[in-house]
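Grab a coffee and open the viewer. Here are a few exercises to work through, each with its solution.

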Amino acid sequence: MKTIAIMAQKGGTGKTTTATTLAYYLAEMAGPVLLIDADQQGNASQIMGAYDPLEWGTEKLLEPTPGGAEIEDLKQTRSWQPVKKYPAVDVDVIAASAALMDANMEVAADAVNDQVHRIKERLETVADRYKYVVIDCGLLLDMAALNALVAADLWIVPVKPGGFEVDGLQRVQEQLQELRELNKGLEMWVLPCMFGKSNAHRDVLQHLHSLGHRVTLATIRRAVIAESYTAASMPLPVYSPRCGVVRDYEKLAWEVMAWSGEKEDTKE
Ligand SMILES: Nc1ncnc2c1ncn2[C@@H]1O[C@H](COP(=O)(O)OP(=O)(O)O)[C@@H](O)[C@H]1O
Ligand SMILES: [Mg+2]
């Protein structure tokens, strides 16, 4: 089991689209996937058709361990039958809602119990069950995000063109060093999102490569279809299986599988 946290301290850089699309493709191509929504806005939950503020969700993963709810009690299984593909693609989802805001404050105020290994310890109990865990974070480095990054093997930072996002990578590098004190093996990839073909965007991409981070081979293009799918309660590859953006994300999924040692023969 490999855990991948999607986190950037900016809104609207493509975090949730990346988390939901990657979760879908990894489930389709590699095996069982658990998607955890760690953003109190619950956007990933909405896209996966799992949003329900009356049900328990990710806030329960932030309760002190041992004890509290099990992943089994919190997950909702979502299933899609993509065109001409068999079998259906299943993704288990742990959903988020505003309740996560209170949980974040409770963890921050808890001076007695360990505060940052709560998600990690719960995930250890399902390590045999899932091939990948994908965690969608919000734009704050709150306790949910911190727990996600402590549990993660890989941190993907979606960056979209625009000076401030690129400048933010300086801070990301500092945070990575700090996080490695809690999570020694944590790797970080920069994922260029919403890039067009203009010279200006090409310059930004070049600049990203010059900063010394690992930049993914996949660059996610900007496309109108990826702006309009969010209300449809389905992941982008189900909403628009043939659009360019999903092909870019498919490439990212292959990159992730290569990184985690998935064999080539999983390809159809
Ligand atoms: N590749 C893309 N091209 C165009 N629009 C996109 C793309 N990816 C995401 N979007 C849109 O941009 C907005 C922010 O994306 P989202 O994935 O929710 O980012 P975040 O989680 O970082 O806030 C959403 O309205 C989404 O539909
Ligand atoms: Mg989001």
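The exercises below go from the ligand to a helix pair and then to some backbone details.

This is a predicted model, where local features need pLDDT of at least 70, side-chain atom pairs count only at pLDDT 80 or more, and totals for chains, interfaces and linings use all residues. Residues are numbered from 1 along each chain as its sequence is written, while chains are lettered from A and ligands numbered from 1 in the order in which they are written.

**Exercise 1.** Find the residues that come nearest to ligand 1, and the element that gives the most to its shell.

Step 1: count a residue as near if its C-beta atom, placed from the backbone, lies within 6 Å of the molecule. There are 17 residues around ligand 1, and Lys 15, Thr 16, Thr 17, Arg 222 and Ala 226 come nearest.

Step 2: look at the elements, where helices (H or I, at least four residues) and strands (E, at least two) are DSSP runs, numbered from the N terminus. Two or more residues each come from α1 (15–29) and α9 (225–228). α1 gives the most, with three residues.

**Exercise 2.** Describe how α1 and α11 (residues 244–259) pack.

Step 1: take the axes, which are lines fitted to C-alpha atoms over the stretch in contact, with angles from 0 to 180 degrees between N-to-C directions. The axes of α1 and α11 come within 9 Å and cross at roughly 60 degrees.

Step 2: name the arrangement. Angles under 35 degrees count as roughly parallel, over 145 as roughly antiparallel, 65 to 115 as roughly perpendicular and the rest as oblique. α1 and α11 are therefore oblique to each other.

Step 3: list contacts, meaning C-beta atoms, placed from the backbone, within 7 Å. Among them, α1 offers Leu 22 and Tyr 25, and α11 offers Tyr 249 and Leu 252.

**Exercise 3.** Is Met 194 buried or exposed, and what about Ser 233?

Step 1: recall the cut-offs: buried is 20 or more other C-beta atoms (placed from the backbone) within 10 Å of a residue's own, exposed is 12 or fewer, and partly exposed is in between.

Step 2: apply them. Met 194 has 23 C-beta neighbours inside 10 Å, so Met 194 counts as buried. Ser 233 has 16 other C-beta atoms within 10 Å, so Ser 233 is partly exposed.

Step 3: check phi. Met 194 sits near 60 degrees and Ser 233 near 55 degrees. Most residues other than glycine have a negative phi.

**Exercise 4.** Which residues does a cis peptide bond join?

Solution: the bond links Thr 65 and Pro 66, with omega about -10 degrees. Pro 66 is in the loop between α2 (43–47) and α3 (71–74).

How values were computed
Two residues are in contact if their C-beta atoms, placed from the backbone, lie within 7 Å.
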